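Q: Please take a close look at a single part of this structure and describe it for a reader who is new to the model.

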Amino acid sequence: MAISVSVALLLLILAVIFIRNGGLKTSHAIICVLLGFLLAGTSAAPTIHHTLVSTANMINGVGR
């Protein structure tokens, strides 16, 4: 578990750096995808999912 969290944190830092430096290249996108897979396996996954669903529902409600 500690290794997964460390790798997820490293990938998160790399993704932020890549996004701040300009457009994402293919290698950058792969790192972002790997970050997503690692986050899906952590205990934060339900919270992230709930937040995304709530945000999508809120945006959907505004358009009506």
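A: A nonpolar core is a set of buried Ala, Val, Leu, Ile, Met, Phe, Trp, Tyr and Cys residues joined through side-chain atoms within 4.5 Å. In this predicted model, the largest such core has 5 residues in all: Leu11, Ala15, Phe18, Ile31 and Leu35. The elements that each contribute two or more residues to this core are α1 and α2, the latter covering residues 26-40. Of the core residues, 3 come from α1, which gives the most.

Isoleucine 31 serves as a place from which to view the contacts. When its neighbours within four places in sequence are set aside, isoleucine 31 is in contact with Leu11, Leu14 and Phe18. Two of these partners, Leu11 and Phe18, are named among the core residues as well.

A further pair concerns leucine 35, which belongs to the core. Its C-alpha atom is separated by 6.4 Å from that of leucine 12, although the two residues are 23 residues apart along the chain. Leucine 12 has its place in helix α1. With a relative accessible area of 39%, leucine 12 is partly exposed, and therefore it does not meet the limit of under 20% that defines a buried residue.

Leucine 12 leads to the surface, where Leu9, Leu12, Ile13, Val16 and Ile17 form a nonpolar patch. Together these residues have about 410 Å² of accessible area. Valine 16, another member of the patch, lies in helix α1, which spans residues 2-20. Valine 16 is also partly exposed, its relative accessible area being 38%.

Definitions and conventions
Residues numbered from 1 in each chain as written. Predicted model: local features only at pLDDT ≥ 70, side-chain atom pairs only at ≥ 80, totals over all residues. Heavy atoms only, no water. Patch = residues over 30% accessible without salt bridge, like charges linked within 9 Å, V, L, I, M, F, W, Y side chains within 5 Å. Areas by Shrake-Rupley, 256 points an atom, 1.4 Å probe, with all protein chains shown as cover. Salt bridge = Lys/Arg side-chain N within 4 Å of Asp/Glu carboxyl O. Helix = DSSP H or I, 4+ residues; strand = E, 2+ residues; numbered from the N terminus. Buried < 20%, exposed > 50% of the residue type's maximum accessible area, 1.4 Å probe, protein only. Contact = heavy atoms within 4.5 Å.
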